[in-house]
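Got the model open in your viewer? Here's a short tour of what to click on, stop by stop.

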Amino acid sequence: MHETDVHDLSDDADYAAASKQGSSSITRRDSSKRSSSSDPEDAEIVYLKDNVAIHPTQSVIEAISGRLKLFKQGSSLFMTWIPYKGQSSNARLSERDTNLYTIRAVPFSDIHSIRRHTPTIGWQYVIVVLSSGIAHPPLYFYSGGIREFFATIKQHALIVRSSENANVFLVNNFQDPLQRTLSSLELPRSLANRTPSSSFPDSPSEGNLENKHTSEDDSSGSIQQNNKQRQKNHDPARDISIQVLEKFSLVTRFAREATSQIFRESLVDVHGPNEKRRTNWASKDHQTQEAAANDVEIVPKKVPVPSDPLEFDKLSLVWGQPRQHPLELQEWSTFLDSEGRIVDPDAFRKRIFYGGVEDNLRKEVWPFLLGYYSYDSTYAEREYVVSAKKSEYETIKNQWQSISPEQAKRFTKFRERNVLIEKDVVRTDRSLAFYEGDDNPDVRLMHDILLTYSFYNFDLGYCQGMSDLLSPILFIMKDESEAFWCFVHLLERLGPNFNRDQSGMHSQLFALSKLVELLDSPLHNYFKQHDCLNYFFCFRWLLIQFKREFEYETTLRLWEVLWTHYPSEHLHLYVCVAILKRHRDKIMGEQMDFDTLLKFINELSGQIALDPVLRDAEALCVYAGENGAASILPGTPPSLPSQDASIYQQQDDEVL
């Protein structure tokens, strides 16, 4: 991996041209303007662009257009994006929903980086990532203006570009005290570039940090750290690299240790409170290491914990219903009419929500929950669907099976995806009898299904983590074609989790933050005070639907409960809140910082009791009501795509 480096934008022809042509004219045109009623009175508008849109769903038809502005107030630069009133083309979005996307006066001091995307076909867009790690939705420039946007920023704020990714621009010289200090001292590049990415060869670069965050989990099964050979075999900016995400805590630990080592005590006087805390963390790590060397057990100091505003235990008893036994064959037949239709889909989904399904019924029931079978289909219609879809599957599969070795030599993406899938499937759930052993035919089926999916959905292709989602489905269906189509329907809901811009993951983390703020404001404030507001410690929970947190059989039951979309299609977010609230006293009482919290959350794997958590999640969802629903932006996974979203929106010119 290349050493991390930053340099000025003067070598970029786009910015040079914009500075000479567009930017100067924009600045002259707008500098005399004063702000609208929504901006501070003394604000000076330096950039204004209409027809800048966001895409709440996968459909371009449902885009929300608005006005993007950069304005100065004193010496500070701010950015706003305001949607046009009453002009959303998305009839399903109310004006209140539209306002949820509004970006109101974000100071550039709070921005970590801006990523520019210039696909060969389609609109250019930018992603603004805050210092907290949360990213705003992509801003699409329908009528151009990205060059002028960056050129204007350059005139009024410090912005540099990372050599790790030419499309990532870092604001205010990293905002990181260590890197900022190293740069200001003009130390030799070998020292100034001694950043986390250069110290850990497999760690994420600064340029891709917004796409690569999750927890470290040395004992996790199929998703582990990749070696350098894998990095050469695929595009790390395109595939979700879970094993790299899991090294995020190593990066933060390096920053603390390097800060302590290089600057010692002088850092406290130079940088103030935030850096004092970092130095204290480094000191705490050193104390921990000394104690370990002397076999002394350190007991975390407890501090008073604010009470739960909801009286959580009582709330669950009032609003959460007891769990029931799984749906059995005899009861299942009562939901069907004489021709096989499900008479009352709502009652059916509610029953599964409260009890799940017996294992021998899952092959029959799961296709309904995933949408592969319609609730009003008959026995005969389902037989026809299975037959027709099997033929369609074989046709798609033949597309890659017919590629000759000579063709493959000239088909780089096919080779890369094939190699990546082959490496992933042999590490997915191999402890399960169904997948264990050498030359296991079911492992080969998993490979074939995933590679076929990459041809079925060219835009999304294959991303790491998909094998974790497919494994339980193939285990239950035990049929290649049926497992494929159930997997297709699952990714219609969860596909945005694997977007290159991470928009699906960021929207869920943002919603989770809002729900915690609504349902436990003291806990939310604690996360805010301890730089944990990005909720990256929940990344793995959301990405693969808690698959690493429970035993395999328990995961199957959780998934079928979530697929009912009762009482909310976003129940998984309330499950996250429920787990956090169950451990709030320990988290706040022991004053966990980000690294400690990350480690603690990972160690919960296999220690979470599902039934109480589901009861808590239901209670929280019912209690939150409309306020909870309003906290979740429309289109947040696993929302089903609209009927108009015939094309899966993916970025840049990546296919397959």
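Start by selecting Glu406 and Arg410: their side chains meet in a salt bridge, with N to O at 4.0 Å. The term here means a side-chain nitrogen of Lys or Arg within 4 Å of a carboxyl oxygen of Asp or Glu. Turn on the surface and you'll see that Glu406 is partly exposed, at 42% relative accessible area, while Arg410 counts as exposed at 63%. For those labels, buried is under 20% relative accessible area, exposed is over 50%, and partly exposed is in between, using a 1.4 Å probe and protein chains only.

A word on what you're looking at: this is a predicted model, in which local features need pLDDT of at least 70 and side-chain atom pairs count only at pLDDT 80 or more, whereas totals for chains, interfaces and linings use all residues. Residues are numbered from 1 along each chain as its sequence is written, and side-chain values use heavy atoms, leaving out hydrogens and water.

Next, pick Glu549 and Arg540. This salt bridge has its closest N and O atoms 3.0 Å apart, and both Glu549 and Arg540 are buried.

Now jump to helix H29, residues 594–603, and show Lys599 and Glu603, which sit four residues apart in it, about one turn of the helix. (Helices are DSSP runs of H or I with at least four residues, strands are runs of E with at least two, and both are numbered from the N terminus.) The two side chains form a salt bridge at 2.4 Å, N to O. Lys599 is partly exposed at 45% relative accessibility, and Glu603 is partly exposed too, at 47%.

Want a network? Select Asp359, Arg362, Glu553 and Glu560, which are linked by salt bridges. If you'd rather hunt for others yourself, a search of the whole structure finds 29 salt bridges.

Last stop: strand S2, residues 44–54. Eight of its eleven residues are buried, so the strand is largely enclosed by the rest of the structure. Which strands does S2 pair with? One is S3, residues 64–73, antiparallel to S2 over eight bridges; pairing here requires that DSSP finds at least two bridges between the strands. Select Glu44 and you'll find it opposite Lys72 in S3. Another is S8, residues 139–141, also antiparallel and joined to S2 by two bridges. To see that contact, show Val52, which stands opposite Phe141 in S8.
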